[in-house]
Amino acid sequence: MQHHIQNKIYHVEILPPKQDSEKLEADLELFVNKYTRVMESGYCACITDNAMGHLSFQGTEMIEELELPVYPEQVMIHLNTFHTKENLDEILNTCIAKGIKYLLVVSGDGSERLPKLKPSDIGAEGVESVTSVELLKYINREYKDKFVLGVAFNPYEPEDHEFEKMERKLAAGASFIITQPLIEKNAVVDKLLEKYPDVPVIVEAWMSKKLHLLSEAVGYPIPENTEYDPIATLKMLHKVYPKCGVYLSLLSFKTQYDLIKDTWVNE
Amino acid sequence: MITLTDLERKEYRNIWVIAEVLSGEIQPVTHELIGAARTLADARNSQVWAVVLGSGVGDKAESLYAYGADTVIVVDDFRLSGFQDEMEARILVRLIKKYKPEVVVCAATSRGRALIPRVAVMANCGLTADCTGLSIDPENGDLLQTSPAFGGNILATIRCSNHRPQMATVRPRVMKAPEPDLNRKGQVIKESVLDTDLDKMKKIIEIFRSKETAVNLSDARIIIAGGRGMKGPEGFELLKQFASRVGGAVGASRAAVDAGWIPYAHQVGQTGQTVQSTLYIACGISGQIQHLVGMQSCDMIVAIDKNPDTPMMQIADIAIIGDVFEIIPEIMNEIPKL
Amino acid sequence: MKIVVCIKQVPATNDAKIDPETKRIIREGQKAIMNPFDTYAVEEGVRLKEKFGGEVIAITMGPPKAEAVLREAISVGADRGILLSDGAFAGSDTWATSYVLAKAIEKIGDVDLVICGKQAIDGDTAQVGPGIAAHLDWMQATYVMAVESVETSSITVKRMHEDGYDVCELQLPAVLTVVKDINTPRVPTLKGRLAAQKYEIPVWKPEDIGADHDKIGLKGSPTRVVKTQAPDPRKASTIRIEGSPQECAKALVRELRLRSLV
């Protein structure tokens, strides 16, 4: 992951089509186009796992069915706790078969349609519920040394709790961190960097102009500025966090993609 | 469908309540229904009849006079001891044909909701499910049935003008059971199971009645929910005790579930369950949008929190400012163990 | 075993927003999904087929776009899908709907088992399953939480009740309605979905199932909805309670008792 930061490799989030898509063929094509562009640019495609609890196709399915090429340094799959054990193992085995090594392990968002791992499924004892920590332990145990595991950090949740969780995540096998979207310098993220100078940290940049959506995603009210300029914010984040990588969410492939080849400037 | 002529419709009189019977005992919801039926019968100048089907119910039926039943039809037969929906449906259709009730109501319980739709189709009449309100239209005497739809986001008023009887299943604990008047008298009609009722008899292999009701969030009347303010799984143990005391279910915010303090099955909110309970007590939940979306339709929201200004404290009907760990035990002191 | 699963397309409720004025959920621009309870019915049908052999046929009564839920059923293992769609079916209440589905099941012929979800999340009536059983004059079991065993002419199931459960055996052919405890529905795979896209889904009309026009649509519906309204908006004011824990507790319990809540 350090090499991504040093080589200014953007992590570009791509969402697979939703299961209830009424134009599946078109959505599949769109995904292939985005993925291919990211590969050609040398960036890393980060494929989500039923984001926001919306039943979607899996990243591994997309890669397999659509026969997409995998360059191990350029693919990251999100993996959450809303799977049956069979499905979880299927995904992990497919990743290994395809050479996918970066996983972002999160608790995730559930919904009506999504099954949830039970502690007994993955040999977790003494816990009521499976979180990213138990999932990390499982992967580390059953699929030892096969993956590079990342975790999320939420600077908008109470600090003590987030830092305590981070300790447990790192102890369970995580080796890189991705933060929630930042629109400015964040004191809690600063603390994180201070506390873990050797852990690669990737900050998320919100590339959509719709700040109210960000508000909903992080769960706290963000005052609506008159104008939010995602590209300007991105440049600012590079300056303020020169030692961090950047994860781009909601990037517009139409209007913004061509601009980001010039944005990663650290001074 | 064949509709009734005006003359035919007028032949139907009286308000029937199908008693909810478990193991030979008439359940309290029956009294609620008789109370509601009484109001309807008074508006129609007619009688309330209770229909009791079961095994070993013979001597219990007359207890219903005290609540307002004028007549009780009893079918007491050992073959009705388990829940025999097909047999009961046959019997009810036969009784309806014979006695022509104008309205038939039944509790919207698992049994009622299995039985009455079958009866309605067999008897060619309309049925409204899970009603929270029943009244008589003063203009024409029709039954007006109010029933929630879209998970409680819409209230529909339904009428069945051309078919009789008008049938409704009624949500338990919505109507008020009247105070019993032990001086009230009535009459009993004994009817029986016929051989022709037996061709669709189920074989009941096992019956299990649990001491604690299996409460799930979507059907729960009371939900006690906890958030980050509960500080850990021990906090949820307290909530479980509280819930048990009031006959409620335990809910949770996403923060508590993500922290691993309580399983995901208890999560209320956008990426969890949407609930419409009668009472929602939020303990130490700040009330982020994603959570509020899941419980906004609850009839009464109570919030307990140290912080008086959280979104949850603002939308709550009753906001209690204080420490949940001190207040909840005191609330439990006020509510005696059953 | 020839199994028919009756499914329904309903508006989704997941994308809710709150109206700041009424503080109620705004239901706009709803996506259409398979009724959640029906996903359990489809899964159970597919599991029984995998265990005992046979065929699973998904049927739905709805507008043309309802064929999406049939494709979804096929993508998780149903063998066929049939859409019952015609202007004459519109306006059907549960009596008429269960009649149409029953006629379709008769037309399919030699059906051993019909499985429905407990209820649809829009109408919330839970009446169609037993209604189908009544129209067909078959046995029924509702709120089924497990299928214990299947023999040539009988099926044994566990039914859920508020106070526990019972286990009973009923004769086939029969109608079951199922609850969420019965299984964990598999999630469609992209592969399954792409295969399902290719299916030709037949559309049946009243003539195709020999339906009596007096028993379908508005004509076949004894109930009429005369009015719909939103529930009352949340009242704006909050009763605030402060003081010692004991005082707070007493005040709260008094308020709850006033409303017969405890």
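What follows is a chat between a visitor and a guide about reading helix packing, a shared sheet and some unusual backbone spots in a predicted model.

Visitor: Let's start with the chains. How many helices and strands does chain B have?

Guide: Remember that we're looking at a predicted model. Chain B has 9 helices and 18 strands. Its C-alpha trace spans about 65 × 45 × 40 Å along the principal axes, and 56% of its 338 residues count as buried. Of the contacts in chain B with a separation of 6 or more, 64% are between residues 24 or more positions apart.

Visitor: And what does the secondary structure of chain C come to?

Guide: Chain C has 7 helices and 15 strands, and its C-alpha trace spans about 70 × 40 × 40 Å along the principal axes. Buried residues make up 50% of its 262 residues. Of the contacts in chain C between residues at least 6 apart in sequence, 68% join residues at least 24 apart.

Visitor: Now the contact between them. How many residues does it take from chain B and from chain C?

Guide: The contact takes 75 residues from chain B and 70 residues from chain C. On the chain B side, helix 4 gives the largest share, with 9 residues. That side of chain B divides into 38 nonpolar, 21 polar and 16 charged residues.

Visitor: Helix 4 of chain B, then. How do I read a helix pair?

Guide: In general, two packed helices are described by the angle between their axes and the distance between the axes. Here, helix 4 of chain B (residues 110-122) packs against helix 4 of chain C (residues 128-136) at about 40°, with the axes 8 Å apart. Angles under 35 degrees would count as roughly parallel, so this pair is oblique. The crossing of these two helices is right-handed.

Visitor: Which residues of helix 4 of chain B and helix 4 of chain C make the contact?

Guide: From chain B you have Ala114(B), Pro117(B), Arg118(B), Val121(B) and Met122(B). They meet Pro130(C), Gly131(C), Ala133(C), Ala134(C) and His135(C). By type, that's 7 nonpolar, 2 polar and 1 charged.

Visitor: At what angle do helix 3 and helix 4 of chain C cross?

Guide: Helix 3 of chain C (residues 94-108) and helix 4 of chain C cross at roughly 55°, and their axes come within 8 Å. That makes this pair oblique too, and the crossing is right-handed. On the helix 3 side the contact includes Trp95(C), Leu101(C) and Ile105(C), while Ile132(C) and Leu136(C) are among the residues from helix 4. This contact divides into 8 nonpolar, 5 polar and no charged residues.

Visitor: On to the strands. What order does the open sheet of 6 strands have?

Guide: Read across, the order is 15(B)-14(B)-16(B)-17(B)-18(B)-15(C), with parallel pairing. Strand 15 of chain B and strand 15 of chain C stand at the edges with a single partner strand each, so one side of each has no neighbour in the sheet. Ignoring direction, neighbouring strands are turned by 20° against each other on average.

Visitor: Where do the chains join in that sheet?

Guide: Look at strand 18 of chain B (residues 318-321) and strand 15 of chain C (residues 239-241), which pair in the parallel sense over 3 bridges. Arg240(C) is the bridge partner of Ala319(B). Towards the chain B edge, strand 14 and strand 15 of chain B pair in parallel over 4 bridges, and Ala225(B) stands opposite Gly251(B).

Visitor: Which strands does helix 5 of chain B touch as it packs on the sheet?

Guide: Helix 5 of chain B (residues 233-246) touches strand 14, strand 15 and strand 16 of chain B, and its direction makes about 170° with that of strand 14. Helix 7 of chain C (residues 245-258) packs on the sheet as well, touching strand 17 and strand 18 of chain B together with strand 15 of chain C.

Visitor: Last topic, the backbone. Which residues does a cis peptide bond join in chain B?

Guide: Arg164(B) and Pro165(B), with omega about -5°. Pro165(B) is in the loop between strand 10 and strand 11 of chain B. In chain C, a cis peptide bond joins Leu172(C) and Pro173(C), with omega about 0°.

Visitor: And Asn50(A), with its positive phi: buried or exposed?

Guide: Asn50(A) has phi of about 45° although it is not a glycine, and it is buried, with 26 other C-beta atoms within 10 Å. Asp137(C) also has a positive phi, about 55°, but Asp137(C) is exposed, with 12 other C-beta atoms within 10 Å.

Note on methods: Residues are numbered from 1 along each chain as its sequence is written. Chains are lettered from A and ligands numbered from 1 in the order in which they are written. This is a predicted model: local features need pLDDT of at least 70, side-chain atom pairs count only at pLDDT 80 or more; totals for chains, interfaces and linings use all residues. Axes are lines fitted to C-alpha atoms, for helices over the stretch in contact, and angles run from 0 to 180 degrees between N-to-C directions. Angles under 35 degrees count as roughly parallel, over 145 as roughly antiparallel, 65 to 115 as roughly perpendicular and the rest as oblique. A crossing is left-handed if the near helix is turned anticlockwise from the far one by less than a right angle, and right-handed if clockwise. Two residues are in contact if their C-beta atoms, placed from the backbone, lie within 7 Å. Ala, Val, Leu, Ile, Met, Phe, Trp, Tyr, Cys and Pro count as nonpolar, Asp, Glu, Lys and Arg as charged, and the others, Gly among them, as polar. A residue is buried if 20 or more other C-beta atoms lie within 10 Å of its own, exposed if 12 or fewer, and partly exposed in between; C-beta atoms are placed from the backbone. Two strands pair if DSSP finds at least two bridges between them.
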